[in-house]
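I opened this model to look up its cavities, its nonpolar cores and its salt bridges. My entries follow in the order I made them.

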Amino acid sequence: GHRSVKEGYESSDASKALDCMQRDILRIAQDNAGSGERSNTDLVHEYLERVEAGLLDPSSLQGISSGYPDIDRRTLGMQPASVTILAARPSMGKTSLALCMARNMAVDAKEPVGFFSLEMSAESLVARLIHTEAKVGRNDVAANMARIASAATAIASAPLYIDDRSALSVQQISAAARRMKQQHNVKALFIDYLQLIRSTRDKGSRNDEVAEISNGLKAVAKELRIPVIVLSQLSRQVDKDSRAPKLSDLRDSGAIEQDADVVLSIFRDPNVPPIGPGLPVFVDILKNREGESGVKVPLIFTRDYTRFENGAYGSN
């Protein structure tokens with residue numbers, strides 16, 4: 001209590017002071033205010049227990065499934081305390097893919113999911129989710145109201161919690177994520193997108209600001225022990241060179257690729273023809289701390305109802 005009062009008087013930033021207070025109070029509430037040190041003995045026992053469980057059930061070694069088996073197989077799912085960057089140029093479908101992953105977790109697996117949308121409104125996201133679920137385009141609603149109604153029921157009952165406030169700072173996202181964790185026990189967090197997060201730095205370059213944001217999101221993932229999936233823009237150089245993205249194309253700061261455990265990018269190969277109404281796309285695993293990187297996973301993107309599905313073309 002004394003520390004909170006002192007922070008309130010001395011801090012030059014109200015958001016930072018509030019973030020510190022909320023973090024400390026939540027730790028007390030969770031009886032987790034003690035030392036963060038853990039003995040090697042405990043850590044070794046925990047690892048051996050996970051290995052034994054994995055021998056009996058290989059899926060137990062994986063994190064939360066994204067709903068795309070080829071991605072999950074190579075990344076071992078969305079692991080606790082990890083940060084996954086989903087990057088693409090504008091209009092490539094990064095919000096749609098993130099929504100599809102969140103939908104797969106919340107609707108199919110019934111896992112509580114938090115979604116911070118700094119760009120689109122919650123109403124727009126829900127409309128997308130309903131059409132994605134129903135597999136009905138915006139222009140085909142009249143003839144498919146039964147499917148729309150069924151999809152709306154599925155989305156309404158899913159444990160998906162959307163925060164659509166704009167210009168949030170990383171401290172505000174941290175505070176809201178803690179509330180989601182405490183109230184709904186969310187198992188994954190999506191943030192759309194990194195470059196719209198407001199920095200609280202008074203001075204410094206854009207690289208410094210993005211580094212602060214990236215470090216803060218990593219801290220959220222570690223503190224709450226949940227995967228955090230962050231959308232990010234790529235630089236214009238990708239369009240100029242007409243090539244697949246690289247790690248160095250992440251916009252504004254090298255801290256993004258440094259802090260991330262997994263980096264995925266979306267790329268459309270103009271040489272691969274459309275498959276019916278679907279567009280061929282690749283999700284390129286640019287970085288993967290837990291496994292293989294440099295792998296292109298094929299998916300099909302149906303633009304009419306913004307749905308990504310497992311692809312059946314090309315090679316991995």
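**Cavities**

I sorted the lining of the second largest cavity by class and got four nonpolar residues, three polar and no charged. This is a predicted model, so I read every entry here as a statement about a prediction. The residues I listed for that lining are Ile71, Thr75, Gly77, Met78, Thr84, Val262 and Leu264. Helix 4 (69-75) and strand 6 (262-267) are the elements that give two or more residues to it. I noted a volume of about 30 Å³ for the second largest cavity.

I then counted cavities of 30 Å³ or more and found two in the structure. The largest holds about 50 Å³ of space. Its lining is made up of Val83, Ile85, Leu194, Ser214, Leu217, Val230, Ile256, Asp259 and Ala260. Strand 1, helix 9 and helix 11 (255-259) are the elements that each give two or more residues to this lining. By class I have seven nonpolar residues, one polar and one charged for the largest cavity.

**Val83**

I picked Val83 from the lining of the largest cavity for a further look. Val83 is in strand 1, which covers residues 83-88. Is Val83 buried or exposed? Its relative accessibility is 5%, and under 20% is the cut-off, so I entered Val83 as buried. Which residues does Val83 contact, neighbours within four places in sequence left aside? I wrote down Leu217, Lys218, Ala221, Val228, Val230, Asp259, Ala260, Asp261 and Val262. I also checked Val83 against Pro69: 14 residues separate them in sequence, and their C-alpha atoms are 19 Å apart.

**Nonpolar cores**

In soluble globular proteins, nonpolar side chains tend to be buried together. I looked for such groups here. The largest nonpolar core has 43 residues, and the members that touch the most others are Tyr68, Leu97, Met101, Phe115, Phe190, Leu264 and Phe308. Helix 5 (residues 94-108) contributes the most to this core, with nine residues. Apart from this core I found another, of 32 residues, including Leu168, Leu189, Val228 and Leu250.

I followed up Phe308. With neighbours within four places in sequence set aside, Phe308 contacts Tyr68, Met92, Gly93, Ser96, Leu97, Cys100, Val281, Leu299, Ile300 and Phe301.

**Salt bridges**

My count came to 11 salt bridges. I wrote up three pairs.

Glu133 and Arg103 meet through their side chains at 2.5 Å, N to O. Glu133 is in helix 6 (residues 122-134) and Arg103 in helix 5, so this pair ties together parts 30 residues apart in sequence. Arg103 is buried, at a relative accessible area of 8%. I also found Arg103, Asp108 and Glu133 linked in a network of salt bridges.

Arg178 and Glu223 form a salt bridge at 2.8 Å, N to O. Arg178 belongs to helix 8 (residues 170-184) and Glu223 to helix 9 (residues 206-224), so the parts tied together are 45 residues apart in sequence. I have Arg178 as buried, at 5% relative accessibility, and Glu223 as partly exposed, at a relative accessible area of 29%.

Lys296 and Asp284 form a salt bridge at 3.4 Å, N to O. Lys296 sits in strand 8 (residues 295-302) and Asp284 in strand 7 (residues 278-288), and the two are 12 residues apart. I entered Lys296 as partly exposed, at 33% relative accessible area, and Asp284 as buried, at 5% relative accessibility.

Note on methods
Residues are numbered from 1 along each chain as its sequence is written. This is a predicted model: local features need pLDDT of at least 70, side-chain atom pairs count only at pLDDT 80 or more; totals for chains, interfaces and linings use all residues. Side-chain values use heavy atoms; hydrogens and water are left out. Helices (H or I, at least four residues) and strands (E, at least two) are DSSP runs, numbered from the N terminus. Buried means under 20% relative accessible area, exposed over 50%, partly exposed in between (1.4 Å probe, protein chains only). Contact means heavy atoms within 4.5 Å. A nonpolar core is a set of buried Ala, Val, Leu, Ile, Met, Phe, Trp, Tyr and Cys residues joined through side-chain atoms within 4.5 Å. A salt bridge is a side-chain nitrogen of Lys or Arg within 4 Å of a carboxyl oxygen of Asp or Glu. On a 1 Å grid over the protein atoms alone, a cavity is a set of points where a 1.4 Å probe fits but cannot get out, and a pocket is an open set with protein on both sides within 12 Å along at least five of seven lines; lining residues have an atom within 4 Å of a point. Grid points are joined across faces, edges and corners, and a volume is the space filled by probe spheres set on the points. Ala, Val, Leu, Ile, Met, Phe, Trp, Tyr, Cys and Pro count as nonpolar, Asp, Glu, Lys and Arg as charged, and the others, Gly among them, as polar.
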